[in-house]
Amino acid sequence: MDFLTEIEKAKELKTLALSFDNISSAKLIHTRDIVVDERVRYQCSYSGCREYGKRLMCPPYTPSVDEFKNILARYYMALLVQLTATIKDNDNWEPEANKWALELHDIIYKLEKKAFALGFPFAAGLIGGSCKLCPTCPVEKDKSAICVDRERARPSMEAMGIDVLLTCKRVGVEITFSPGQVIWTGMILID
Ligand code: SF4
């Protein structure tokens with residue numbers, strides 16, 4: 001595919017992203033603006049993340065940060081996608097936040113498939129937060145378990161070492177934290 005056709009196809013993907021309910025932002029970005037920082041992985045490992053080692057799409061089961069940097073270097077552009085939703089019960093926000101994380105996961109999966117159909121064979125989706133497709137990931141009980149839904153499971157941007165806040169800031173996508181609202185950010189690497 002020539003460069004101009006690639007851009008047109010990528011714009012088509014962006015239009016599809018914006019057609020989903022609750023998608024508040026979809027922006028095509030250059031991969032040089034994606035910030036990968038070893039400190040993100042350090043935080044996964046040593047700052048008390050409850051999901052560390054409990055989900056097969058989370059560290060330590062994911063590629064190293066250096067490995068991901070090498071993979072990222074092979075991509076030219078990405079579609080950054082944000083979902084914004086209302087949390088109705090602020091005293092018990094986690095179930096609702098998780099529900100919206102799953103909603104973004106599904107959208108990222110669909111967009112990745114669409115990107116493939118548009119002619120991007122290396123399209124790769126990254127979700128926001130840990131993979132929550134199963135209520136309990138089998139690895140929590142059995143360290144040798146394998147993923148039961150490899151078709152749909154995807155790792156998060158954070159699991160790859162991406163600094164989501166700084167990446168969003170660099171490309172002019174705002175993330176504001178406010179009570180009663182949840183924002184989840186995901187990405188499709190396109191090539
Ligand atoms: S799909 Fe299920 S088994 Fe696979 S990583 Fe996600 S939670 Fe774990």
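For this tour, Ala, Val, Leu, Ile, Met, Phe, Trp, Tyr, Cys and Pro count as nonpolar, Asp, Glu, Lys and Arg as charged, and the others, Gly among them, as polar. Keep in mind that you're looking at a predicted model.

**Stop 1: the ligand.** Select the ligand and show what surrounds it: Arg55, Leu56, Met57, Cys131, Leu133, Cys134, Cys137, Pro138, Cys147, Val148, Asp149 and Ala153. Colour that shell by class and you get 10 nonpolar residues, two charged and no polar ones.

**Stop 2: the space it fills.** Now hide the ligand. What is the space taken by the ligand? The largest cavity. A search of the whole structure turns up one cavity of 30 Å³ or more, and the largest holds about 90 Å³ of space.

Next, select the cavity lining: Arg55, Leu56 and Met57, then Cys131, Cys134, Cys137 and Pro138, and finally Cys147, Val148 and Ala153. By class, this lining has nine nonpolar residues, one charged and no polar.

**Stop 3: the core.** Leave the ligand and move to the largest nonpolar core, which has 34 residues. Start with Leu79, Val81, Leu83, Trp184, Ile188 and Ile190, the members that touch the most others. Then bring up the elements that give two or more residues to this core: helices H1 (3–19) and H4 (93–117), plus strands S1 (23–30), S2 (77–86) and S4 (181–190). Which element gives the most to this core? Select H4, which puts in eight residues.

Technical notes
Residues are numbered from 1 along each chain as its sequence is written. This is a predicted model: local features need pLDDT of at least 70, side-chain atom pairs count only at pLDDT 80 or more; totals for chains, interfaces and linings use all residues. Side-chain values use heavy atoms; hydrogens and water are left out. On a 1 Å grid over the protein atoms alone, a cavity is a set of points where a 1.4 Å probe fits but cannot get out, and a pocket is an open set with protein on both sides within 12 Å along at least five of seven lines; lining residues have an atom within 4 Å of a point. Grid points are joined across faces, edges and corners, and a volume is the space filled by probe spheres set on the points. A residue is near a molecule or strand if one of its heavy atoms lies within 4 Å of it. A molecule sits in a cavity or pocket if more than half of its atoms lie within 2 Å of its grid points. A nonpolar core is a set of buried Ala, Val, Leu, Ile, Met, Phe, Trp, Tyr and Cys residues joined through side-chain atoms within 4.5 Å. Buried means under 20% relative accessible area, exposed over 50%, partly exposed in between (1.4 Å probe, protein chains only). Helices (H or I, at least four residues) and strands (E, at least two) are DSSP runs, numbered from the N terminus.
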